[in-house]
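Subject: Handing over the structure

Hi,

Here is the structure I promised to pass on to you. Have a look at it first, and then read on for what turned up in it.

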Amino acid sequence: LMCLLRFLVAIFIYLSTFSDSGKIFQSGLVLKQFSLRESSKNKFGGTSINVKNHITQLLGIVSLSLRDSVERWKRNFVTKKRETDDALFKINIEDFTEDVSEAIQLATSYAQEINSQDLPWKYHDAEKVQMKKVRLSSKGLSPSEKWPCVISRFSVEVSPRELLEILVDSRLAAVVNRFSAGRRDVAASRDRPYYEKLLWARCKKVVVSVRPFDFCSLLAAFEAPGALGPSWVLLFRRAEGTTGRHCPTSSEYQRAETLLGITVLSPEQGRGKVTRVWSLSHNRYPGLPPAWADRSSFAGALDYATQLMRVAASRTDRLQGEETFPGPAPLPPELWARLRPLLDH
């Protein structure tokens, strides 16, 4: 048994050369603790040892070595993760043209398809929010793969420009959306960095998913003319093409996709600084059961609308991004012609 213990100690001494705790093994204390000088002769002339004490000491050494290995793994993992994050969020995208153009074309086709369907509105939250839902496919998906597309409209008691500043500020994402675990700006265009950028958004974990979902999406904001003042249109679209290479996936999250998101902010007639919001949300959640996606997308859109109304009405520190950055680009007339009928239909 003594030989076996000595052999195990020798193995741990060898392995310890790869860790900081090796100094403990290599100090000679361990071998000294297992020295035969601690033994006594029994009546047969053999060696008698305190096996319980030696095993306790050996287990303590093993525990210390394991703790050291875990700490070194944590340090290496955290360092690599931090370096990855720093590199990810310092990238500057030079050209958004291709991705923005594709988002505009997709929004136009969505508007045309929704215009062709006579979908009834349903009232929620004491008739403050109107909503309807349709299952649609999208570019890049099989025609048979359809995900719920939720459309909502409601009023918010701030001006369209002030609401625009709230929605494009990633620091406020978790404030206006209770299901958000945070959002960060990954990169931005050089011409309009405040209104054309790449977003990394994380969601809180839902019961039926193994990991929480995250999104990497393009945001592009536009200005559209109107008799009561300008309207603002925000387009959201999954990152691909030019921007896709800047969105590496993470083992901590399951990547979902923004098939398309449209938010239109228009001044409401006769109500002063009140914004009429029209919103379309079409997302894809790989691995999520379709029935759950139907329920969660509808509930999430309703909660987002009610939370946005509360937050916007209570804010006193209005953001003024236009003082620092160029404003949004003009909205293409073709898209505005498709969207306008949807706002009051």
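To start with something you can check on screen: which residues does Thr-275 touch, not counting residues up to four places away in sequence? The list is Phe-154, Ser-155, Val-156, Val-158, Ser-159, Pro-160, Leu-163, Leu-265, Ser-266 and Glu-268. Please keep in mind throughout that this is a predicted model.

Thr-275 itself lies in strand β12, and it counts as buried because its relative accessibility is 0%. Its side chain has two backbone oxygens to look at. A polar atom of the Thr-275 side chain lies 2.5 Å from the backbone oxygen of Val-158, and the side chain also reaches the backbone oxygen of Ser-159 at 3.3 Å.

Pro-160 and Leu-163, both touched by Thr-275, belong to α6. 9 of the 9 residues of that helix are buried, so α6 is largely enclosed by the rest of the structure. The buried residues include charged ones, among them Arg-161, Glu-162 and Glu-165.

Glu-162 brings me to the salt bridges, of which the structure holds 12. Three of them seemed worth describing one by one.

- Glu-162 pairs with Lys-273, with the closest N and O atoms 3.1 Å apart. Glu-162 is in helix α6 (residues 160-168) and Lys-273 in the loop between β11 (257-267) and β12 (275-284), so this salt bridge ties together parts that are 111 residues apart in sequence. Glu-162 counts as buried, at 12% relative accessibility, whereas Lys-273 is exposed, with a relative accessible area of 51%.
- Asp-303 and Arg-178 meet through their side chains at 2.4 Å, N to O. Here the pair ties together parts that are 125 residues apart in sequence, because Asp-303 lies in helix α8 (residues 290-314) and Arg-178 in the loop between α7 (173-176) and β6 (180-188). Asp-303 is buried, with a relative accessible area of 11%, and Arg-178 counts as partly exposed at 45% relative accessibility.
- Lys-139 and Glu-102 form a salt bridge at 3.3 Å, N to O. This one links distant parts of the chain, 37 residues apart: Lys-139 sits in the loop between β4 (129-136) and β5 (147-156), and Glu-102 in helix α5 (residues 97-115). Lys-139 counts as partly exposed, its relative accessibility being 45%.

Next, the nonpolar interior. Which residues touch the most other members of the largest nonpolar core? They are Leu-235, Ile-262, Trp-278, Leu-280 and Leu-339, in a core of 43 residues. The elements that contribute two or more residues to it are α5, β4, β5, β8 (213-224), β9 (231-238), β11, β12 and α9 (333-344). Of these, α5 gives the most, with 8 residues.

Ile-262 is a handy place to centre the view. Leaving aside neighbours within four places in sequence, Ile-262 is in contact with Ala-107, Val-233, Leu-234, Leu-235, Trp-278, Ser-279, Leu-280 and Leu-339. Apart from this core lies another, of 30 residues, among them Val-150, Leu-167, Leu-219 and Ala-221. As background, nonpolar side chains in soluble globular proteins tend to be buried together.

Leu-219 also turns up in the strand pairing, where Lys-197 stands opposite Leu-219 in β8. β7 and β8 run antiparallel and are joined by 7 bridges. On the other pairing, 7 bridges join β6 to β7, again antiparallel, and Gly-182 stands opposite Arg-202 in β7. Strand β7 (residues 196-203) has 7 of its 8 residues buried, so it is largely enclosed by the rest of the structure.

Finally, a word on confidence before you set anything up. The chain averages a pLDDT of 76, and 68% of the residues score at least 70. Over residues 16-49 the pLDDT is below 50, and this stretch has 50 contacts in the model beyond near neighbours in sequence. Residues 73-90 also stay under 50, and for them the model has 10 contacts beyond four places in sequence.

Happy to talk any of this through.

Best wishes

Technical notes:
Residues are numbered from 1 along each chain as its sequence is written. This is a predicted model: local features need pLDDT of at least 70, side-chain atom pairs count only at pLDDT 80 or more; totals for chains, interfaces and linings use all residues. Side-chain values use heavy atoms; hydrogens and water are left out. A salt bridge is a side-chain nitrogen of Lys or Arg within 4 Å of a carboxyl oxygen of Asp or Glu. Helices (H or I, at least four residues) and strands (E, at least two) are DSSP runs, numbered from the N terminus. Buried means under 20% relative accessible area, exposed over 50%, partly exposed in between (1.4 Å probe, protein chains only). A polar contact is a pair of N or O atoms within 3.5 Å; within protein, one must be able to donate a hydrogen and the other to accept it, and residues adjacent in sequence count only if both atoms are side-chain atoms. Contact means heavy atoms within 4.5 Å. A nonpolar core is a set of buried Ala, Val, Leu, Ile, Met, Phe, Trp, Tyr and Cys residues joined through side-chain atoms within 4.5 Å. Two strands pair if DSSP finds at least two bridges between them. pLDDT is the predictor's confidence in each residue, from 0 to 100.
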